[in-house]
Each structure stands twice: as C-alpha cells, then as structure tokens.
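This briefing is meant for a reader who is meeting the structure for the first time. It moves from backbone geometry to the ligand and then to a pair of helices.

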Amino acid sequence: MAYPYVSDREVRVISTQFGDPEARTLAGAKQRGRYQGLKTALDMSPDAVVDIVKASGLRGRGGAGFPTGLKWSFMPKDYDKPHYLCCNADESEPGTFKDREIIRWDPHQLVEGCLIGAYAIRARHAYIYCRGEFFEATQVLARAVEEAYADGLIGDDVMGSGQKIDLTVHVGSGAYICGEETGLMNSLEGRRGEPRVKPPFPAAVGVFGMPTTVNNVETLCAVPHIVVNGSEWYRQWGSEKSPGTKLFCVSGHVRKPGNYELPLGFPLMDLIDDLCGGITNGNALKAVIPGGSSVPLLTAEECRSCALDYEGVSSCGSMLGCASVIVMDETTDIVKQVRRMAAFYAHESCGQCTPCREGSIWVTRTLERIEAGRGTEDDLDTLMELTAQMVGTTICVLSDSVAAPVQSSVLKFRDEYLALIRRGERVGTA
Ligand SMILES: Cc1cc2nc3c(=O)[nH]c(=O)nc-3n(C[C@H](O)[C@H](O)[C@H](O)COP(=O)(O)O)c2cc1C
Ligand code: SF4
C-alpha cells in the first residue's frame with residue numbers, strides 16, 4: 001500500500017487503508033478483514049461486547065477522552081424503549097481532519113464499528129451525523145451503507161443473526177456546535193443545533209427522548225479491532241490509563257503535515273522532528289496547540305517533555321483533546337492566531353449563554369484592538385477577567401474553548417502582547 005510518510009514508529013490499526021481506494025468497496029473491505037468484528041460480536045452477548053471494550057481501556061476520541069465501555073454501560077439493559085447510537089462525524093474543530101480521512105478511505109470500518117456499537121447498547125437504529133461540508137466523504141459513506149444493506153450486513157437480520165439494526169447517514173448544515181453531542185441530537189431531530197442542559201444525560205434522555213449514546217468516528221472504528229483481537233492486544237500500546245493507538249492530525253509549520261497513527265504516549269518532539277520532518281525552513285519552534293484550537297497553547301520548552309497521551313499532555317499544561325497538533329514556528333504572530341481562534345468561536349457560539357455569546361465577542365474585539373496597535377496593558381487584565389467568567393458557567397464547553405487559548409497565550413506569550421501594545425503607544429505619541 002502506498003501511503004506517504006509511513007515510518008516504522010507508526011502503528012496502523014485504524015488507518016491501514018488510507019490511500020487504498022479498493023477498501024471502499026464492500027468486496028475490497030471484506031478482503032481486508034472488515035465485518036469479522038461484527039461476526040464475532042454477534043456471537044457474544046451485548047454485555048460481553050461492552051465488557052471487552054471496557055477492558056481495553058478505549059477512551060473516546062472526540063475530545064473528552066471518556067472511557068467508551070463505561071459510557072456504553074450507562075445504557076439501559078432492556079429493549080423496553082428504543083435506544084439509539086449516534087456516530088459523531090461532525091469534525092469541525094480547527095486543525096482536525098482524521099474522521100474525514102477514515103470515512104473517505106475506509107467507510108466499511110465505520111459502518112462495522114457503528115453496527116457493533118449499536119448491538120452492544122441494544123440500539124435498533126444508528127445514525128452517522130456527518131459534517132455538512134463533507135461532500136466526498138458523505139458520498140463514499142452513503143455508497144458503503146447501501147452496499148452493506150444489500151448484503152444483509154445492515155437491516156432486519158444482520159448477518160443472519162436475527163438482530164435488526166438500521167443505519168442512517170444524516171448530513172448536517174455546517175455548524176460547529178452540532179458536534180457537541182446534545183446539539184447534534186437537537187439537529188438530528190430537526191431543531192436548532194443548540195446544546196441541551198445536562199442532566200438528563202443522553203443515556204437516559206437522548207435523541208427523540210430515548211436512551212442514546214454518542215461516539216466519535218475514530219472511537220467506533222477502534223471497536224472491531226478490539227473485538228477481534230481482544231483487550232490485551234489493544235493494551236500493548238499506550239499506557240495503563242491511555243491505552244491503544246490514536247490518530248494525530250499535524251498541521252502548521254512542519255515539513256510533512258498529515259495524519260499519523262501512533263501509540264498513545266508518543267513524544268511530541270519526535271512527532272514533529274522525526275515523523276513530520278521538522279519545522280519548515282529550519283526555523284525554531286515557538287508554540288504548539290496539541291489538541292485542536294480549544295486547548296491551551298504549549299511553549300517550545302513545554303513541548304520538549306510532552307508525551308502525547310491524556311495524562312502526559314495535561315501534566316504539561318494543556319489537553320490532548322482530539323489530538324490535532326497545530327505547530328507554530330518563530331515567525332508566528334501569536335496574538336493574530338489567538339484572535340482568529342476567538343473570532344471562530346464567537347461566530348460559532350449558539351448564543352444561549354450570556355458568558356459565551358457576549359464574552360466571545362468582547363474577547364475578539366479586545367484582541368483585534370491589541371493587534372491593531374490600539375491596546376493597553378489594562379486590556380490584558382480585561383482579557384483574563386473576561387475569560388475567567390467564561391469557564392464553567394455555561395451549558396456546554398464551547399465557552400471554555402475560547403478561554404483556554406486566550407488565557408494561556410496571555411500568560412505564556414505576554415511579551416508578544418506587550419510588544420504590540422508598546423509599538424502602538426509609540427506610534428500614537430509620535
Ligand atoms: C463545541 C463542541 C464541539 C464538539 N465537536 C465534536 C466533533 O466535531 N466531533 C466529535 O466526535 N466530538 C465533538 N465534541 C464532543 C462531543 O460532545 C462528544 O463528547 C463526543 O462526540 C463523544 O464521543 P466519544 O466519547 O467517542 O469521544 C464536541 C464538543 C463540544 C463542546
Ligand atoms: S456555551 Fe456557547 S455554544 Fe455552548 S450552549 Fe452556551 S452559548 Fe451555546
């Protein structure tokens with residue numbers, strides 16, 4: 001299989017078919033082992049499937065890292081009410097491009113993961129909620145679902161097991177907030193994509209008011225491999241608390257950006273220097289956002305000792321999130337980058353909560369003022385006070401996502417803010 005930038009340090013479990021168009025067809029997918037996991041799962045009880053995923057230690061790849069088996073175990077154990085599985089393929093976090101690639105190259109891996117997940121939580125219907133802009137990926141996925149229906153892998157009698165599971169691909173309209181699990185459920189129901197107050201949690205009251213589990217694409221794609229090979233096999237990679245492999249989306253100032261599937265715990269600097277070929281033009285590293293634009297920035301110094309797993313990144317002062325590694329070299333204007341992130345979140349805020357709706361706009365305006373050379377040192381205090389009120393005070397954590405890059409940049413790159421402020425003062429007095 002020809003795929004760029006493969007090295008002996010990458011461990012491919014989920015991304016084996018990237019670059020191989022044959023895997024998109026059902027025949028090609030079956031030749032490559034797809035649907036063996038479903039067969040194995042159907043020979044087990046739903047609870048046994050939950051147990052094996054629990055034992056593997058798989059954690060949700062959508063950002064929060066919540067243990068998948070534990071989440072599944074919150075679902076009711078009967079068939080009294082309809083249950084639903086929602087696969088979150090909304091992938092809109094800036095710097096994130098892994099789920100789209102999984103769907104584009106290996107749609108049957110996701111279909112299989114959804115069917116196993118649905119079986120384990122006793123759902124008769126699964127939805128895959130796709131980001132509206134994913135035109136090609138959605139077409140590839142829709143074709144795969146059609147083929148799987150025609151082959152009896154989805155429908156009234158899945159693989160002749162007597163189990164009924166339907167699967168619907170639903171295309172969103174391109175709103176970032178519909179990636180938040182309860183915003184997604186509202187959108188699926190045809191309502192405005194606004195997050196819901198929790199509790200009740202989705203396992204009790206989810207889509208259409210019924211018990212629901214929401215899982216990320218990458219999470220569900222790990223499941224067939226775990227079911228076929230066992231939880232110990234999966235635990236050969238990563239650490240006790242962060243087992244397995246993870247796709248890292250690397251973008252920014254590196255020579256070879258792209259998706260890299262690595263064992264969790266991989267050293268951040270080895271990813272940048274060895275796998276990604278180092279910083280472009282031989283420049284020095286300035287900062288890294290390790291988990292998508294909603295997490296705190298790391299300084300070059302903090303990156304040196306950073307291991308890429310949930311605990312490792314958090315001990316360095318940030319979060320693994322969805323593992324979207326945005327690399328910034330010495331030429332990067334940090335204030336400009338942070339302003340662009342804040343503006344993105346201000347645009348995507350659904351507007352239900354005052355700290356988020358108003359705060360994200362005021363933060364953006366303050367950053368714009370500083371960037372334009374019209375800021376004062378007091379603005380830095382204002383930014384810290386404003387963002388402090390945006391954390392933990394809202395329905396969902398989009399608001400916290402604005403605060404994280406702003407607060408970390410003011411604390412860690414204060415000199416850059418001060419340089420813009422002082423340059424503006426000099427111009428103003430000239
Ligand atoms: C504002 C916001 C946007 C989110 N966007 C996504 C997304 O695009 N894809 C995703 O899988 N999870 C996203 N999440 C996380 C989901 O709410 C949810 O935790 C996740 O889909 C659960 O799947 P997992 O347990 O497999 O990680 C988002 C969360 C927030 C607060
Ligand atoms: S935090 Fe922001 S995006 Fe989330 S519900 Fe409140 S207003 Fe909407």
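Methionine 159 sits in the loop that runs between α7 (135-150) and β3 (166-171), and its phi is near 55°, a positive value in a residue other than glycine. The model is a predicted one, and the points below take up its backbone, its ligand and a helix pair in turn.

**Backbone geometry**

- Most residues other than glycine have a negative phi, and most peptide bonds are trans.
- With its phi near 55°, methionine 159 has a positive value, and the loop in which methionine 159 is found lies between α7 and β3.
- The peptide bond that leads from lysine 198 to proline 199 is cis, its omega being near -5°, and proline 199 belongs to the loop between α8 (181-188) and β4 (212-216).
- Proline 199 and proline 200 are themselves joined by a cis peptide bond, for which omega is about 5°, and proline 200 is likewise placed in the loop between α8 and β4.

**Surroundings of ligand 1**

- There are 18 residues around ligand 1, and those that come nearest are Gly62, Lys71, Asn88, Asn216 and Thr219.
- Two polar backbone atoms face oxygen atoms of the ligand: one belongs to arginine 61, at 3.3 Å from an oxygen atom of ligand 1, and the other belongs to glycine 62, at 2.8 Å from an oxygen atom of ligand 1.
- From threonine 219 it is a polar side-chain atom that takes part, lying 2.7 Å from an oxygen atom of ligand 1.
- Ligand 1 would expose 610 Å² if taken alone, and of that area the protein buries 89%.

**The pair α16 and α17**

- Two packed helices are described by the angle between their axes and the distance between the axes.
- For helix α16 (residues 377-388) and helix α17 (residues 398-412), the axes come within 10 Å and cross at roughly 145°, and the crossing in which α16 passes α17 is left-handed.
- On the α16 side the contact involves Leu380, Leu383, Met384, Thr387 and Ala388, which meet Ala403, Val406, Gln407, Val410 and Leu411 on the α17 side.
- Sorted by class, the residues in this contact of α16 with α17 are eight nonpolar and two polar, with no charged residues.

Terms used:
Residues numbered from 1 in each chain as written. Chains lettered and ligands numbered in written order. Predicted model: local features only at pLDDT ≥ 70, side-chain atom pairs only at ≥ 80, totals over all residues. Heavy atoms only, no water. Axes fitted to C-alpha atoms, helices over the stretch in contact; angles between N-to-C directions. Helix = DSSP H or I, 4+ residues; strand = E, 2+ residues; numbered from the N terminus. Left-handed = near helix turned anticlockwise from the far one by under 90°. Contact = heavy atoms within 4.5 Å. Nonpolar A, V, L, I, M, F, W, Y, C, P; charged D, E, K, R; others polar. Near = heavy atom within 4 Å. Polar contact = N/O pair within 3.5 Å; in protein donor to acceptor, adjacent residues only side chain to side chain. Areas by Shrake-Rupley, 256 points an atom, 1.4 Å probe, with all protein chains shown as cover.
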